[in-house]
Amino acid sequence: MRTWSFSSAGALFFGRGAVRVHLRDACERLGAKRAFIVTDSILVKAGLLAQTTEPLTALNVQFAHFDRVTPEPGVELVRECVAAARDFNPDVIIGLGGGSNMDTAKLVSMILAHGGDPLDYTGDCRVPGPVKPLICIPTTAGTGSEVSAAAVFTDTANHIKVSCLSPFLRPAFAIVDPLFTVSCPPKVTADSGIDALTHAIEACCAVNNDDFPLPSGEKSVYQGKNPMADVMAKQAIILVGQFLRRAVKDGSDLEARDGMALAATLGGLAFSNAGVALAHAMEYPVGGAVHVSHGAGNGLLLPYVMRFNDAVRASEHSYIGCLLSQTGGRGDGIAEVEQLRKDIGIPLRLRDIGVKEEMLPAFAAKAFAIKRLMRVNPRMPQSEGEILDIYKAAF
Ligand SMILES: NC(=O)c1ccc[n+]([C@@H]2O[C@H](COP(=O)([O-])OP(=O)(O)OC[C@H]3O[C@@H](n4cnc5c(N)ncnc54)[C@H](O)[C@@H]3O)[C@@H](O)[C@H]2O)c1
Ligand SMILES: [Fe+2]
């Protein structure tokens, strides 16, 4: 049997009011004097920046902020944010926002520590050492970036989402305050929530840790399905089944916000150790080519990918059906995901989000080339053609 490991953020604070109570602890433990906050203007208007700077002021930490991150940021914007941070010369970086802001903060921490350009570090385990101390505060319940080892951005010239994966990109502190997600509009709640589900399903259906086909000499933060990631993925799936519809329907349902915040963090813990796979690989070219959020793209593709994987993961899919529907006996995970997708308004076909049929072969070639995700899939696609068939089914 192969060995496996489990990693997280350095410390995790969770619960309503966690930022007010614990941001101070985190800054003290890091000896912070100058904090640079990476965020966006919507969150400033929602009052979340003010709630974040309050404890900093109380602690006499100097701060500056960059509030121009846009969803699924392009590399140019990341470079701008790096330049602004460099001018301020911080000793701590705070990522406040959804995955887009937290990932930009991670990239800033990386570049301030090691120089160069974000594109120099894309791929698996290419960050050479520790990054500037990083605190992540999620405002969506979705990506799990607050605990994960990934930072995703868009390589605009090549029209594809790319990712830096490294153990050094796990934040020193994750502060998850469900109250920070209450202002999320229904679409952001739905898209980010189904991303969390995709993380959990891809993690618990990943290739077995024993069979993970990692070529010798190569390193990966992903390890395949393992017992600890499984526990977290399964709990995340249960919570999504219980709370995602409620959170989309009524954003002020605090019990649902608590449940989804926990689901997202658990999903992040699961996937950042086991891995994400074919759904994510197939979403990257789609997200780089048309305007669709990462979550909506994943949610759209997920049932088609599950159908492809069903030959080797039928019992997991049946179990996922039971977890999502909270019923015993035999479940149908694919049908449950399809119903959930419909109920929360995720687009159902690629043609509905501006994809043209002639784009599909290039998407298949790009997805097939993302070997670090292909090898996590329980049924490894053998050709671009197999992936093209999945895209065609989803078209
Ligand atoms: N690093 C990782 O581990 C990881 C994992 C999955 C996805 N991602 C990446 O994360 C990005 C998506 O992140 P996301 O789904 O969290 O969305 P996002 O960060 O792109 O945010 C989407 C929109 O929601 C708004 N928003 C966020 N929180 C809000 C709040 N509380 N109130 C009102 N508006 C709010 C933002 O301002 C933005 O306009 C993608 O680039 C994706 O590829 C990263
Ligand atoms: Fe994701």
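**Exercise 1. Find the partner of Asp-258 in a salt bridge and place both residues.**

Step 1. Asp-258 pairs with Arg-16, with the closest N and O atoms 2.6 Å apart. A salt bridge here is a side-chain nitrogen of Lys or Arg within 4 Å of a carboxyl oxygen of Asp or Glu.

Step 2. Asp-258 lies in helix H8 (residues 254–274) and Arg-16 in the loop between strand S1 (11–14) and helix H1 (18–30), so the pair ties together parts 242 residues apart in sequence. Helices (H or I, at least four residues) and strands (E, at least two) are DSSP runs, numbered from the N terminus.

Step 3. The count by this rule is 14 salt bridges.

The model is predicted: local features need pLDDT of at least 70, side-chain atom pairs count only at pLDDT 80 or more, and totals for chains, interfaces and linings use all residues. Residues are numbered from 1 along each chain as its sequence is written, chains are lettered from A and ligands numbered from 1 in the order in which they are written, and side-chain values use heavy atoms, without hydrogens and water.

**Exercise 2. Describe the shell around ligand 1 by class and element.**

Step 1. Ligand 1 is surrounded by 28 residues, each with a heavy atom within 4 Å of the ligand. Gly-99, Ser-100, Thr-139, Thr-140 and Ser-148 are the closest.

Step 2. Sort by class: eleven nonpolar, twelve polar and five charged residues. Gly counts as polar.

Step 3. Helix H6 gives the largest share, four residues.

**Exercise 3. List polar contacts of ligand 1.**

Step 1. Apply the cut-off: a pair of N or O atoms within 3.5 Å.

Step 2. Take the ligand's nitrogen atoms. One is 3.0 Å from a polar backbone atom of Phe-180. A polar side-chain atom of Ser-145 lies 3.3 Å from a ligand nitrogen.

Step 3. Take oxygen. A ligand oxygen is 3.1 Å from a side-chain N or O atom of Lys-161.

Technical notes
Polar contact = N/O pair within 3.5 Å; in protein donor to acceptor, adjacent residues only side chain to side chain.
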